[in-house]
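Subject: Structure handover

Hi,

Here is the structure I promised to pass on. My notes follow below it, with the cut-offs spelled out as they come up.

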Amino acid sequence: MKNQKITVLIQCEDQKGLVAKITGFFFKQGFNILSCQQHVNKAENKYFMRIHVSAEEVALSKADLESQFEALSQVLGINWSINYESDKKKVAIMVSHTSHCLYDLLERQREGDLNCSVEMIISNHDKLRNISEMFGIPYFHLAVVKTDKSKQEGEVVALLEKYDIDLIVMARYMQILSEDFINKYPQRIINIHHSFLPAFQGANPYQRAYERGVKLIGATAHYATVDLDEGPIIEQGVERVTHESTTKTLKRIGADIERLVLAKAVKWHLQNQIIVSDNRAIVFPEAGE
């Protein structure tokens, strides 16, 4: 495990001595602590930590590290995950008709801003195949039959399992996923919703925003849950608009917000900056690592 960088995410009830005991564990094992970020929810007495360490001179195997840290977790009563920087996450992007978020993610990944491997693009339409060919990524057109959506979802799951996908990104995939599908991938599906949730949930948010005469429009990236558009919010963005804005201009402005918001959420997930507690996402800012 030498020359490995590791990120550990921790949550538990708040208690005295947590920082000393956790950082002390890594110090005694010979790790160099690159950053240590914390958050305390005093209202619920919950503690959250993101600790990033380097294993330059550590001879422990992954199995030994996780076994020894599990022993500490039993004493402190903590929930934890260890993420190894060398294990590049495999990503599947799901799309329907619109291409702006797809283009943006693929370009950021190609330029190295998103540290992942985009294994496939899955769509219920064949419209965006040319984009996959441009980036050299497999494209799977799996049409949805309204009378039996479970068949198409079964085909999607088979692909995700075959390619051992770590993260599913719904980049304007305009289908409602079933409860069974979502429950297979808890906190592993990121969706971009084209409104500032909880406003204008569901379909046609720009049209409804226009009808309401809003002065702000936005976009929300969140983890998908069985409750439509109500999963833990990772990131949001807004722009001011005026009474002169049409539905068309709202969509154009909104598309820029969607790109940025989704890219941030995906990057933070890939960099292990997010801890989900109940229906809230605690997002640690990027540290100088």
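To begin with one ring: is F69 buried or exposed? At a relative accessibility of 0%, F69 counts as buried; the word buried stands for under 20% relative accessible area, exposed for over 50%, and partly exposed for what lies in between, with a 1.4 Å probe and protein chains only.

Before I go on, please keep in mind that this is a predicted model, in which local features need pLDDT of at least 70 and side-chain atom pairs count only at pLDDT 80 or more, while totals for chains, interfaces and linings use all residues. Residues are numbered from 1 along each chain as its sequence is written, and side-chain values use heavy atoms, with hydrogens and water left out.

**Aromatic rings**

A search of the whole structure turns up seven aromatic pairs. For these, the rings of Phe, Tyr and Trp (its six-membered ring) must have centres within 6.5 Å; planes under 30 degrees apart are called stacked, over 60 edge-to-face, and the rest tilted. F69 pairs with W80 in an edge-to-face arrangement, with 5.3 Å centre to centre and 75° between the planes. F69 belongs to helix α2 (residues 62-76) and W80 to strand β4 (residues 79-84), so this pair ties together parts that are eleven residues apart in sequence. Helices (H or I, at least four residues) and strands (E, at least two) are DSSP runs, numbered from the N terminus. Unlike buried F69, W80 is partly exposed at 25% relative accessibility.

Another pair is F181 with Y185, which is tilted: the centres are 5.5 Å apart and the planes make an angle of 55°. Both of these residues, F181 and Y185, are buried. There is also one aromatic cluster formed by F25, F26, F31, F69 and W80.

One ring has a charge for company: the charged end of K62 sits over the ring of Y84, 4.5 Å from its centre. That label requires NZ of Lys or CZ of Arg within 6 Å of the ring centre and within 35 degrees of the ring normal.

**Two helices with a buried side**

Helix α5 (residues 149-162) has 14 residues, which at 1.5 Å a residue should span 20 Å, and its end C-alpha atoms are indeed 20 Å apart. The expected span is 1.5 Å times one less than the number of residues. Which residues of α5 are buried? They are Q152, E153, V156, V157, L159 and L160. Seen down the axis, these fall within an arc of 160°, so they line one face of α5; the arc is that of the directions from the helix axis to the C-beta atoms. S150, K151, E161 and K162 are exposed on the other side of α5. The cover over the buried residues of α5 includes β5 (89-95), β6 (116-123), β7 (139-141), β8 (167-170) and α6 (179-184).

In helix α7 (residues 205-212), the buried residues are P205, Y206 and A209. Their arc around the axis is only 100°, which puts them on the same side of α7. They pack against β9 (189-193), β10 (216-223) and α8 (247-270).

**Positive phi values**

Most residues other than glycine have a negative phi. D164, in the loop between α5 and β8, has a positive phi near 55°. D278 also has a positive phi, of about 55°, although it is not a glycine. D278 is found in the loop between β12 (274-277) and β13 (280-283), and it is exposed, with a relative accessible area of 61%. Just after α7, G213 has a positive phi of about 70°.

**Two buried charged side chains**

R50, in strand β3 (residues 46-55), is buried with a relative accessible area of 3%. Its side chain reaches the backbone oxygen of N272 at 2.8 Å.

K267 is in helix α8 and is buried, with a relative accessible area of 17%. A polar contact of 3.1 Å joins the side chains of K267 and D113. A polar contact is a pair of N or O atoms within 3.5 Å; within protein, one must be able to donate a hydrogen and the other to accept it, and residues adjacent in sequence count only if both atoms are side-chain atoms. Leaving aside neighbours within four places in sequence, K267 is in contact (heavy atoms within 4.5 Å) with D113, L114 and E286.

Best wishes
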